[in-house]
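Open the structure in your viewer and keep the selection tool at hand. We will go stop by stop.

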Amino acid sequence: MNLRPRLCTVLVLISSFLFIATDAHAFPAFARKYGLRCSACHVAWPILNDFGWRFKDNGYQLMNDRDAPIWQNPSYWPVSFRMTPNWHRESADKVQVDTAAGPGTGEVQITSNGFDNSGLDILAGGTLYKNISFLLVPSADETGAFHFESVWTQVNNLFHTPWVNIKFGKFELDNWISEKRIPSLSATGGFYQNYHFEPVGDNNFVAQLGDNQLGIQWLGHSANDHTRVSAALFSSNDGNPDLVNANSYSGYFSASQGFDVGGLGLQRVGGYYFVGSAPTYSLTNNSVAIPGSSLGTKGFYRAGFFGDFYISRFQIPVYYQHGSDSKYFGTATPANGVLPDGAQDPSWNGFFVEPRFIFNPQLLFFQRDEFVRMSQQALITNPSDLGNLDVYTFGVRWYPIMTSRAGFALHGEYSWLKQRKTAPVTGTDVTSSSVFFGTDFDF
């Protein structure tokens, strides 16, 4: 089967971008501000505990009389830096290559390894005044090219209630199983495939649950943070500036409930609904798209539920998603074009479970099994399992130090991915793997 030749390349590029642009928010600056250890907010950095979630939801405040920065020592600087020097090995089979038979007619396995560095996150956050919070995260890729990963302000406790908190800017969607606090770092396993999955041939790049978005969000929570609800409205640009997709919007709605189960601790369950529309084409001038002229809006949605469970020293996040795109996205057809015969809305189901064994706050073992299964292809002629994903990740993080000044971790990880029938020439299954060893530090 002649599939899209660049599929494997696109997957590798997406994985690499997400790997170098990790945005795991861990702030030694907050620990310095309040005189706390990092373990006050983290089960194991960067994973938040219940207190850490309450601190975050309260706008990076302890809700005391000294939250405003005017009460801090003038030498206090609410900025942290994070980077991850590493050695890694990447392997992908069935990469399309030129042969004597012609361009792009062969498939080979390519394996590479060596020393490398990640991108840089500059994490600035805290309070501008009591109940006025902010976050600013300029991030660079491994070459030093910068972009703004996060930039928002939030007004907290409007009308003197924790049920009214308004955030404005570029922010992470309110997802309890946060990709910004994922423990894995490798190119294959360093992000949740379910948050970024696109069916084969689909061009809907805006429905990325793991990416920060530009918009406005309302968050409400109980005083103890066990009940949380949120709603967000944002541009259908996948967080890109300059109105890439003008005049189109998406919405995200989430709710969760935490409850104590005896000596097991706080358990949590919840659900979400991500719905939106985006244009499929623009007006052009000399074949160049005219900014702001996006047309042919079509819809999509993602819906699911999650759980975050504790059993002794085990934390077990679980996640399920059902997704669907318009057949215009699924076949990459502009709305003013002609759909292929047999076109239909692609849909799929995804699931992962990520058990974490927290031996103590300075030693974490983690593993993740992640799956995506197509339930309806965009073309009835496609194999029913085209694009199905299996991903398995294993890792360990050891923290020699975790202080109010800095965090330092030694990280080891292996991740393996298989995608059904996406080889560019033979149409067979494609596999790839990552091995990662590195130091992860922030200060």
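This tour moves from paired strands to a surface patch, then to empty spaces and charged pairs. Keep in mind that the model is predicted.

**Stop 1: three strands**

Select residues 227–235, which are strand S11, and residues 249–260, which are strand S12. The two strands run antiparallel, and nine bridges join them. Now pick out Arg 228. Its bridge partner in S12 is Ser 256.

Add residues 266–278, strand S13. S12 pairs with S13 too, again in the antiparallel sense, over 11 bridges. Click on Ser 254 and look across to S13: Tyr 272 stands opposite.

How many residues lie between S12 and S13 in their hairpin? There are five. Select Gly 262 in this turn; its phi is positive, at about 50°.

**Stop 2: a nonpolar patch**

Stay in the loop between S12 and S13 and select Leu 264. Is Leu 264 buried or partly exposed? Leu 264 counts as partly exposed, because its relative accessibility is 39%, and the partly exposed range runs between 20% and 50%.

Now add Phe 259, Val 261, Val 269, Ile 311 and Phe 314 to Leu 264. Together they form a nonpolar patch on the surface. The accessible area of the patch is about 460 Å².

**Stop 3: a pocket**

Next, go to the second largest pocket, which holds about 300 Å³ of space. To find its centre, select Val 244, Asn 245, Pro 279, Ser 282 and Ser 294, the closest of its 23 lining residues. Then colour strand S14 (281–285), strand S15 (288–295) and helix H5 (327–330). Each supplies at least two residues of the lining. S15 gives the largest share, with five residues.

**Stop 4: a cavity**

The structure holds six cavities of 30 Å³ or more. Visit the second largest cavity, with about 220 Å³ of space. It has 21 lining residues, and the closest to its centre are Lys 56, Tyr 60, Trp 152, Lys 167 and Glu 172. Which helix and strands each supply at least two residues of this lining? Select helix H3 (50–57), strand S8 (146–155), strand S9 (165–171) and strand S10 (213–221).

**Stop 5: charged pairs**

Side chains of opposite charge can pair when their charged atoms come close. A search of the whole structure finds 15 salt bridges. Start with Glu 172, one of the residues from the last stop. Glu 172 forms a salt bridge with Arg 181, and the closest N and O atoms are 3.7 Å apart. Both Glu 172 and Arg 181 are buried.

Next, select Asp 325 and Arg 302. Their salt bridge brings the closest N and O atoms to 3.0 Å. This pair links distant parts of the chain, 23 residues apart: Asp 325 is in strand S17 (residues 314–325), and Arg 302 is in strand S16 (residues 298–311). Both residues are buried.

Now select Lys 421 and Asp 385. Their side chains meet in a salt bridge of 3.0 Å, N to O. Lys 421 lies in the loop between strands S22 and S23, while Asp 385 lies in the loop between strands S20 and S21, 36 residues apart. Lys 421 is partly exposed, with a relative accessible area of 28%. Asp 385 is partly exposed as well, at 22%.

For the last view, select Asp 57, Asp 174, Asp 225 and Arg 228. Salt bridges that share partners join them into one network. You have met Arg 228 before, as the bridge partner of Ser 256 in S12.

Technical notes: Residues are numbered from 1 along each chain as its sequence is written. This is a predicted model: local features need pLDDT of at least 70, side-chain atom pairs count only at pLDDT 80 or more; totals for chains, interfaces and linings use all residues. Side-chain values use heavy atoms; hydrogens and water are left out. Two strands pair if DSSP finds at least two bridges between them. Helices (H or I, at least four residues) and strands (E, at least two) are DSSP runs, numbered from the N terminus. Patches are made of residues with over 30% relative accessible area and no salt bridge: like charges are joined within 9 Å, nonpolar side chains (Val, Leu, Ile, Met, Phe, Trp, Tyr) within 5 Å. Accessible areas come from the Shrake-Rupley method with a 1.4 Å probe; for residues, only the protein chains shown count as cover. A salt bridge is a side-chain nitrogen of Lys or Arg within 4 Å of a carboxyl oxygen of Asp or Glu. Buried means under 20% relative accessible area, exposed over 50%, partly exposed in between (1.4 Å probe, protein chains only). On a 1 Å grid over the protein atoms alone, a cavity is a set of points where a 1.4 Å probe fits but cannot get out, and a pocket is an open set with protein on both sides within 12 Å along at least five of seven lines; lining residues have an atom within 4 Å of a point. Grid points are joined across faces, edges and corners, and a volume is the space filled by probe spheres set on the points.
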